[in-house]
Amino acid sequence: MQSRRILSAMALAVALALPLAAVPGVAQAQQQPLDLATFVVGFPAGGATDAVARLVAEAVQGKYAKGVVVMNKAGTGGQIAAAYVKDQPADGRTLLFTPAFPMVIHPHTYKQVRYDTLKDFVPVAPTHFGTLALSLGPGAPAEIKSLSDFIAWAKANPAKATFGAPTGGSQHFTGLMLTRAAAFRLDLVPYKGGAPSVQDALGGHIPAIITPLAEVLEHWRNGQLRILATTARERSALAPDIATFNEQGFPKVVVQDWTGFLAPAGTPVEVVAGANAAIREALQAPKVKEAMAKLGMEAGAQTPQAFAQTVQESWERYRDIVKETGFKVE
């Protein structure tokens, strides 16, 4: 209840601040771009998160800030970047760009995290909501054509039934949710990221993997991998021929985690509103939409108050999932 009150109050504050744009002095302040803004990414340059950060940075330059740079502070699955941004001045000049899991999963699975997602940050804007996919490579029998085939095979071959995913992330928990819903065993083979697991699946070293849909779409299109299901509530416009877990009888296996921008707590509401407006405008730019589509992503904008609610709900959902499974990072 305490965490809900914190974020609800924050969302209300943002909502109440938005009409201030009608006041001339405030409107003028919002229209003045910052001299320099830094988007901090907790992952190496060249990855999907970094790529989107750079797309948005280029699109908002001259509007949100005269200059926008992307800083990569990789380490501990995004935690180093989050801890860094938490301690920066709350003036809108430094924003964290992150996927959901360091903010809504790690606080429940790690013994020590150097930030409190709900107290130390103000949600600004999401850029997209990611869809995961269960894929099979040549390491799984060729006769497995559907999710029901795979579950039946896994039940008959528990010693062989494994899947690859990073430990303690949304991919891992998707596997846990599926096995609980379908009552079968599927052991995790831990990976540090999606790319190594995809390569092992392509090489036949592991039968199944759970990854972002974007990481396996091309391999599915050329017939190297079989995608059995995605975690979206409805079929993705990027892959309308691929069925969801939801439509195949597993409504609890719905995972569409956000990626987005957060600011240090205490950032003025008019600054948050201005950043949100610039980011939402950027997501509508044809160049950005086209580039994100090539990465297998569908842009998804929200107001600051709606995004605050999204962060709250995902934090609570993973708290409950972690509690049910008993999972902790060793």
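Strands, like helices, are here DSSP runs numbered from the N terminus, a strand having at least two residues. In the predicted model described here, Pro 123 lies in one such run, strand S4. With a relative accessibility of 4%, Pro 123 falls under the 20% limit and therefore counts as buried. Between the C-alpha atoms of Pro 123 and Lys 192 there are 27 Å in space, and these two residues are 69 apart in sequence.

Confidence in the model was considered before its details. The chain has a mean pLDDT of 89, and 90% of its residues reach 70 or more. Residues 1-30, however, have a pLDDT below 50, although this stretch has 36 contacts in the model beyond near neighbours in sequence. Where pLDDT is low, the predicted coordinates should not be read in detail.

The interior of the model was examined next. In soluble globular proteins, nonpolar side chains tend to be buried together. The largest nonpolar core of this model has 49 residues, and Leu 134, Phe 150 and Leu 178 are those with the most contacts inside it. Helix H14, which spans residues 304-325, gives the most to this core, contributing six residues. Apart from the largest core lies another core, of 31 residues, which includes Val 52, Ala 65, Val 70 and Val 124. When residues up to four places away in sequence are not counted, Phe 150 touches Leu 134, Leu 136, Ile 144, Leu 186, Ala 208 and Leu 228.

Helix H4 likewise has residues that are buried, namely Gln 79, Ala 81, Ala 82, Ala 83 and Val 85. The elements that cover these buried residues of H4 include strand S1 (34-41), strand S3 (94-99), helix H5 (101-104) and helix H6 (106-109), together with S4 and S10.

Another buried position is found in helix H12, which covers residues 269-283 and holds Asn 276. Because its relative accessibility is 4%, under the 20% limit, Asn 276 counts as buried. Leaving aside neighbours within four places in sequence, Asn 276 is in contact with Val 124 and Ala 125, and also with Gln 302, Thr 303 and Pro 304. Phe 163, by contrast, is 113 residues from Asn 276 along the chain, and the C-alpha atoms of the two are separated by 38 Å.

Empty space was then considered. Rolling a probe the size of a water molecule over the atoms shows where such space is left. The largest pocket holds about 1,300 Å³ of space. Its lining is made up of 46 residues, and those that lie nearest the centre of the pocket are Phe 101, Gln 171, Gly 194, Pro 212 and Glu 215. Two or more lining residues are given by each of helix H3 (48-60), strand S4 (121-129), helix H9 (170-182), strand S7 (187-191), helix H10 (194-202) and strand S10 (258-264). The largest share, five residues, comes from H10. By residue type, the lining of the largest pocket divides into 23 nonpolar, 19 polar and four charged residues.

Backbone angles and loops complete the description. Most residues other than glycine have a negative phi. Thr 76, which is not a glycine, nevertheless has a positive phi, near 50°. Thr 76 is found in the loop between strand S2 (65-72) and helix H4 (79-86), and because its relative accessibility of 44% lies between 20% and 50%, it counts as partly exposed. A positive phi, of about 55°, is also found at Ala 183, again a residue that is not a glycine. Ala 183 is located in the loop between H9 and S7, and it is exposed because its relative accessible area, 62%, is over 50%.

The loop between H9 and S7 is also the place of Arg 185. Arg 185 has a relative accessible area of 49% and is therefore partly exposed, the limit for exposed residues being over 50%. Not counting residues up to four places away in sequence, Arg 185 touches Ala 154, Pro 158 and Ala 161. Of these contacts, the one with Ala 154 joins residues 31 apart in sequence, whose C-alpha atoms are 7.0 Å apart in space.

Key
Residues are numbered from 1 along each chain as its sequence is written. This is a predicted model: local features need pLDDT of at least 70, side-chain atom pairs count only at pLDDT 80 or more; totals for chains, interfaces and linings use all residues. Side-chain values use heavy atoms; hydrogens and water are left out. Helices (H or I, at least four residues) and strands (E, at least two) are DSSP runs, numbered from the N terminus. Buried means under 20% relative accessible area, exposed over 50%, partly exposed in between (1.4 Å probe, protein chains only). Contact means heavy atoms within 4.5 Å. pLDDT is the predictor's confidence in each residue, from 0 to 100. On a 1 Å grid over the protein atoms alone, a cavity is a set of points where a 1.4 Å probe fits but cannot get out, and a pocket is an open set with protein on both sides within 12 Å along at least five of seven lines; lining residues have an atom within 4 Å of a point. Grid points are joined across faces, edges and corners, and a volume is the space filled by probe spheres set on the points. Ala, Val, Leu, Ile, Met, Phe, Trp, Tyr, Cys and Pro count as nonpolar, Asp, Glu, Lys and Arg as charged, and the others, Gly among them, as polar. A nonpolar core is a set of buried Ala, Val, Leu, Ile, Met, Phe, Trp, Tyr and Cys residues joined through side-chain atoms within 4.5 Å.
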